[in-house]
Amino acid sequence: MAAPCVSCYAALSYRLFLGGRVSLSPNQGVWKAAAAELQTGTGSQILRLRHTTGVSTKKNVAALRRETYTVDFIKKQIEEFNIGKRHLANMMGEDPETFTQEDIDKAIAYLFPSGLFEKQARPIMKHPEQIFPKQRAIQWGEDGRPFHFLFYTGKQAYYSLMHEAYGKLLEVEKRQNKLQAKGLFSEKTKTKDLIDSRWLIKEELEEMLVEKLSDQDYAQFIRLLERLLTLHCGSEEEFVQRFRRSVTVQSKKQLIEPVQYDEQGMAFSTSKGKRKSAKAEAIVYGHGSGRIKVNGIDYLLYFPVTQDREQLMFPFHFLDRLGKHDTTCTVSGGGRSSQAGAIRLAVARALCSFVTEEEVEWMRQAGLLTADPRVKERKKPGQEGARRKFTWKKR
Amino acid sequence: MLLGRAAGCARPAGGAWPRALRPPLLGTATPGRARPGGRTLAGAAIPAVGEPEGSTDVSHNILSEPLKHSDFFNVKELFSVRSLFNARVHLGHKAGCRHRFMEPYIFGSRLGQDIIDLEQTAVHLQLALNFTAHVAYRKGIILFVSRNRQFSHLIETTAHDCGEYAHTRYFKGGLLTNSSLLLGSMVRLPDLIIFLHTLNNVFEPHVAVRDAAKMHIPTVGIVDTNCNPCLITYPIPGNDDSPPAVHLFCRLFRTTINRAKQKRRQIEALYELQGKEGPGARGQGPAASPSLKA
């Protein structure tokens with residue numbers, strides 16, 4: 001009896017995990033087959049012949065997936081959604097007028113608690129535009145004439161965008177030529193810094209145009225926009241901005257120590273740094289003559305090797321402030337080189353408080369403010385060191 | 001299969017051939033039951049859109065009236081041999097690039113450069129513009145095709161200004177022959193294709209020339225001295241590389257199409273007025289509601 005029950009269970013579990021909108025008709029065949037098995041019980045060899053009913057072929061499944069939603073259907077769905085939203089608000093005791101999507105999500109999670117791990121399998125109630133994929137309406141009118149003048153190219157949205165962008169490029173060039181002819185053209189670069197935005201990615205552009213693009217198409221479009229940018233267009237900024245998305249600038253998250261003042265009124269800043277197992281603390285004074293003291297000893301005597309002293313001087317050298325600050329540091333642990341690295345990090349962090357935000361960003365990009373994460377890798381069994389294997393002997 | 005276009009046969013000046021001998025021109029809609037004139041892939045005619053019964057004669061007149069004149073839209077006045085010369089339409093490529101079938105249209109060659117015979121060009125241009133005007137008058141779909149990237153933007157703008165369609169991009173293989181897959185089922189194909197450049201970027205004949213001939217779509221094309229005029233219904237021998245020449249041709253096509261559409265609107269308005277006045281004047285007076293609508 002075990003064999004028929006197992007196949008039954010398999011059929012059931014297949015039904016449950018389908019998800020989405022799968023209509024019942026192709027699967028009724030599976031139910032019928034399972035029911036037939038349960039009824040007749042023994043004689044599984046005879047029953048195997050009955051499994052052929054209602055099995056959905058690949059063709060049917062594909063047709064089910066490519067359902068086209070008419071405009072009327074979507075409108076009806078939107079109306080039903082709005083009415084349902086008001087009912088839900090009444091049920092929860094909230095005001096139907098100010099019931100937002102977040103409230104809907106909370107209400108559904110409360111009314112239909114689900115223990116499923118897959119978030120997309122839980123019950124949802126969202127606006128139909130987010131559930132049904134965006135589709136293109138019929139592209140031509142009653143007389144058969146297409147609406148868009150680039151319909152016969154196949155990719156009308158993409159090519160019309162290219163046409164528009166190229167038109168703007170020509171306009172800008174013409175305007176600049178006129179200005180140059182009159183002699184009013186100034187070479188000043190008015191381009192604002194675009195460091196806080198990035199170009200749209202291909203998926204975002206496809207979503208915007210509701211059309212499939214190839215990689216070459218996308219690259220061509222970005223190249224055209226870059227070319228438009230190099231022409232210092234002032235008026236086409238909004239057109240270009242439509243295709244840029246903002247990106248959080250990393251340096252804003254940098255912690256800057258506040259400047260402190262001692263008894264004589266001298267400004268100083270304290271900060272810590274680490275490298276391997278060396279820990280350092282540095283105090284950088286606002287004005288000075290470039291003296292550096294490490295653990296009470298002058299750095300020339302503490303670090304006999306030039307390389308270590310260069311590491312200490314690097315933050316000052318980068319900001320062109322070599323002889324302008326006095327530094328006092330304490331360091332412990334590690335070796336010669338790691339102590340130098342730790343002091344370098346501490347000094348760079350301390351210098352941030354005396355310096356503009358732009359210079360802080362430059363320091364961050366130069367790598368002065370990043371702690372070096374490298375530590376000694378552990379030795380593994382079966383090997384001589386972390387990476388070194390034992391000598392391989394052929395025999 | 002093309003009717004009666006032997007390569008290189010010299011065509012007499014327009015109108016010189018008697019009607020019986022004139023080769024049947026592809027795509028001329030026969031006068032009769034008025035339809036929007038489109039053909040679908042299966043060859044079935046598109047059903048007429050909402051026509052009341054009494055207007056059959058009216059629409060019959062609207063469509064047959066222009067066919068009784070040889071130059072109903074007066075396209076001759078839009079250009080002259082002198083204006084073609086000023087736009088450098090007569091300049092061809094070097095003699096080494098010459099296509100064998102273009103020899104009848106070439107006037108001669110100067111310093112190795114072929115010169116196109118503008119008298120013949122004028123004749124062909126008049127025929128082509130006349131045909132375009134008739135197609136536009138009958139509300140046909142006109143598609144401008146070119147693969148020259150220098151003038152792509154200009155041609156697309158021209159097409160947009162006329163209210164017609166353009167395709168100056170990469171031409172996908174089965175666009176005309178396999179349109180139900182690429183463009184959608186039950187799509188209406190163009191009724192006329194105008195080639196401003198017959199060759200593509202590798203100096204081979206554009207695929208659309210052959211495909212239009214396969215799909216029985218008439219073509220108008222500007223053929224330069226290195227092009228093959230064989231499969232084009234209304235070739236216009238002329239220069240397709242100089243900016244003034246291409247600008248001139250774009251302007252000519254735009255003017256003819258706009259003129260033809262305007263004429264159609266005028267004539268429809270005229271017949272509508274006549275239809276209102278006709279039955280209204282008989283009995284009840286000018287306040288009667290119009291019963292006949294074209």
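## Close-up views of the chain A–chain B contact

**View 1. The interface as a whole.** Putting chain B and chain A together buries about 2,100 Å² between them, with carbon and sulfur atoms giving 60% of that area. On the chain B side, His153(B), Tyr165(B) and Arg169(B) are good residues to find in this view: together they supply 31% of the area that chain B buries against chain A, more than any other three residues. Please keep in mind that this is a predicted model. The contact draws on 26 residues of chain B and 20 residues of chain A.

**View 2. A salt bridge between the chains.** Here Arg145(A) meets Glu164(B) in a salt bridge, and their closest N and O atoms lie 2.9 Å apart. How many salt bridges does the rule find across the interface of chain B and chain A? The count is one. Polar contacts are also found across the interface of chain B and chain A, with ten residue pairs, both partners at pLDDT 80 or more.

**View 3. The chain B side of the contact.** Two elements of chain B, helix 4 (152–162) and strand 5 (165–167), each give two or more residues to the side that touches chain A. Which of the elements gives the most to this side? Helix 4 of chain B does, with four residues. By residue type, the side of chain B that touches chain A divides into twelve nonpolar, seven polar and seven charged residues.

**View 4. Chain A on its own.** Stepping back from the contact, we can look at chain A, which has 15 helices and eight strands. Of its 395 residues, 31% are buried. Chain A exposes about 27,100 Å², and carbon and sulfur atoms supply 56% of this surface. Take the contacts in chain A between residues at least 6 apart in sequence: 61% of these join residues at least 24 apart.

**View 5. Chain B on its own.** The partner, chain B, has seven helices and eight strands. Its 294 residues include a buried share of 46%. For chain B the accessible surface comes to about 14,900 Å², and 55% of that belongs to carbon and sulfur atoms. Among the contacts in chain B with a separation of 6 or more, 68% are between residues 24 or more positions apart.

Definitions and conventions:
Residues numbered from 1 in each chain as written. Chains lettered and ligands numbered in written order. Predicted model: local features only at pLDDT ≥ 70, side-chain atom pairs only at ≥ 80, totals over all residues. Heavy atoms only, no water. Contact = heavy atoms within 4.5 Å. Buried area = accessible area lost by both parts, 1.4 Å probe. Salt bridge = Lys/Arg side-chain N within 4 Å of Asp/Glu carboxyl O. Polar contact = N/O pair within 3.5 Å; in protein donor to acceptor, adjacent residues only side chain to side chain. Nonpolar A, V, L, I, M, F, W, Y, C, P; charged D, E, K, R; others polar. Buried < 20%, exposed > 50% of the residue type's maximum accessible area, 1.4 Å probe, protein only. Areas by Shrake-Rupley, 256 points an atom, 1.4 Å probe, with all protein chains shown as cover.
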